[in-house]
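User: I am new to this structure and would like a close look at a single part of it, followed by how the chains meet. Please take it slowly and connect the pieces as you go.

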Amino acid sequence: MFDLDRWQEIFNAIKQNKFRSILTAFGVFWAIFMLVVMTGSGNGLINGVTHGFKDFATNSAFMWANRTTVAYQGYDRGRQWNLTNADMQTITEEVPEIDVLSPRLQGWNLREGQNVVRGERAAAFNVMGDYPQYRKIDPCTMPWGRYINKEDIDLKRKVCIIGEKVYEVMFDEGEDPVGINIRINGVYFMVVGVFKSNNPNINIGSNKKETIYLPFTTMQQSFNYGDQVHFFGFTAKPGVNVQGLVDRIKPIVRKQHKISPEDEEAIGGFNVQSELQTMEYTFLGINILIWVVGIGTLIAGAVGVSNIMLVVVKERTKEIGIQRAIGARPALIVGQILTESVFLTTVAGFLGLAMGTLVLHLTDMAITAAQAQAPPDEMTFFMNPEVGLPLAISALIMLILVGLFAGFIPAMKAVKIKPIEALHHE
Amino acid sequence: MSNSIIKVEGLHKSYRMGTSALHVLKGIDLDIKAGEMVSIMGSSGSGKSTLLNILGILDGHDRGDYFLDNIKIQKMNETQAARFRNNYIGFIFQSFNLISFKNAMENVALPLYYKNISRKKRNQKALEYLERLGLKEWANHLPSELSGGQKQRIAIARALISEPKVILADEPTGALDTQTSYEVMDILQEVNKMGITVIIVTHEDDIAHRTQRIIRLRDGIIEMNKKNGHFQAAASSEVFSTT
Ligand SMILES: Nc1ncnc2c1ncn2[C@@H]1O[C@H](COP(=O)(O)OP(=O)(O)O)[C@@H](O)[C@H]1O
Ligand SMILES: [Mg+2]
């Protein structure tokens, strides 16, 4: 296998058909190069998209009230109804498979003019009411202070936590915001923390960076929302299907608010789990496409290698005849042709792998550089294009198989050469 | 058991050419003793090469029996045929048939490569044979850098290196001038003196006259098979190392 005489023959054959060898090897090179670059780009897309919600509770859903679309029990269609504190209570009691349930208020009527004021500074920001457990659904870090806690809720404290953008506008860089009062729609609240979401790409209701969170109970009271709940998020306990819980919550709410069981529109919702699943299928589709194209190209490359090996066998007919006459066994000739074919594909493929990885690396560097320049608000949908070791290893195995496959027909042809006929061959 | 190295009885060989068949050998009987030096003569197309190829198991025969070293040669697969060739037979061709990208030493060593002998060992042995044929200083030259006589001597070294029982030479001097032809014949006679059976196909009388026996083929049968009255034994043992 590693005898010098064998390699001498391979290098000689390649040297004698330099141009043709390079051309055919290019087919395999290109196939692997494309496969690597495409897989890497696909991974880049997946990394970029999933990075935006890497910490978000994937087993979660959100639900809210919409106008009814079906007349029911004396009520006309088009009725506006509201979720209430009592609904939250009932749902929590009747659906024990819910892990955390977090009611939310969305102060869409509050963002008007410059609703947030601190001394000379004034700007427009969103205001939302939240429970401490919301952090379990949408985890965040606290660059300053703390999150909303139970006492805030119980005592209806006039405190707030603010998004990164709010901090930037209302405070000097590096200034400690904790303990400072700001006026929100005419009411003073004390800042107790600055939050930075781990999932900047998922924004439900408002851009989190430009949002102020108040304790839910404080907000209900201060801004006259009564017992309204604008929407709520919940997570399922481990192993529980989220859609199953949605389907159990809906009848409870329908019954409370006299909504027709046929009314599919009245209760709005967003199931993070199933959305993620859809996205995963999309990614799978992208990957399948990449492999189909890549393998198609590789097969074309293999046909090229097979072709040049046929030429090599034909050109070496006499030589093979001589070798056979002086005692070379057919197996040796077959091994020779196969080694040559595998060598050609593997070398070309590895160059493709190396070049592809290099291109991905350069792309990665360019993206990182571009991101450093871009405004921090911009969402990223492409990052860390990469191919892993498994791809490299499967590529190697694939190349060897392709080489064997490409060399098979030429090798069979070489074995069929009869020594005497080959010796007559000039 | 006789001391025949090659024994052929009623050998027939046809080449199928499309629908018709060309009957080339039409019943050959032959008995060559171990250590003999024999020439096969005959006009062009009389079947000399065909017979030699069958004796060398490069080709099969249709009818009749062939015993090589008292072993009956029957239809066999290529792997078995290769083993026989490697162990019993050394070939020398008119056109030398050296591998163009291998140097002299590597060409000579090739049969040992097929016997899975390590590169170091086989190259060492190849050098010994090259030295005996006076070509040691040409060991690292490619065939294209050598004269016809030198190439044929390398081919002879290659035929000898696997220590065969029989050397089959198909017009070994056909491509050489007279002087060089005689030198090659000197070497083949020397080889024969070592006890190796030598069979030479030729159509040159002076070459044939340097063998012990001349077999003349005509139209696929043996026309004449007799001891050579003009036989000249090898002049001296030093020919083996003339340059
Ligand atoms: N492989 C072959 N296929 C068909 N015909 C062949 C083949 N080899 C030789 N012949 C024919 O057989 C006859 C004998 O050929 P050959 O043995 O080479 O003669 P010689 O060596 O005496 O000149 C010739 O007519 C030749 O054309
Ligand atoms: Mg002939």
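Analyst: In this predicted model, Lys136(B) is found in the loop between α4 (119-132) and α5 (148-160) of chain B. Its relative accessible area is 41%, and because buried means under 20% and exposed over 50%, Lys136(B) counts as partly exposed. Leaving aside residues up to four places away in sequence, Lys136(B) touches Leu130(B) and Glu131(B). Met105(B) lies 31 residues from Lys136(B) in sequence, while the two are 8.6 Å apart in space, C-alpha to C-alpha.

Turning from this loop residue to the meeting of the chains, the contact takes 23 residues from chain A and 25 residues from chain B. The area buried between chain A and chain B is about 2400 Å², and carbon and sulfur atoms give 57% of that area. On the chain A side, Asp5(A), Ile326(A) and Ile420(A) supply 25% of the area that chain A buries against chain B, which is more than any other three residues supply.

As for charged pairs, the count between chain A and chain B is 1 salt bridge, and the side chains of Glu78(B) and Arg324(A) meet in a salt bridge at 2.7 Å, N to O. Across the interface there are also 5 residue pairs in polar contact, both residues of each pair being at pLDDT 80 or more. The side of chain A that touches chain B draws at least two residues from each of α1 (4-16), α10 (317-325), α11 (330-373) and α13 (419-424), and the residues of that side divide into 10 nonpolar, 5 polar and 8 charged.

Note on methods: Residues numbered from 1 in each chain as written. Chains lettered and ligands numbered in written order. Predicted model: local features only at pLDDT ≥ 70, side-chain atom pairs only at ≥ 80, totals over all residues. Heavy atoms only, no water. Contact = heavy atoms within 4.5 Å. Buried area = accessible area lost by both parts, 1.4 Å probe. Salt bridge = Lys/Arg side-chain N within 4 Å of Asp/Glu carboxyl O. Polar contact = N/O pair within 3.5 Å; in protein donor to acceptor, adjacent residues only side chain to side chain. Helix = DSSP H or I, 4+ residues; strand = E, 2+ residues; numbered from the N terminus. Nonpolar A, V, L, I, M, F, W, Y, C, P; charged D, E, K, R; others polar. Buried < 20%, exposed > 50% of the residue type's maximum accessible area, 1.4 Å probe, protein only.
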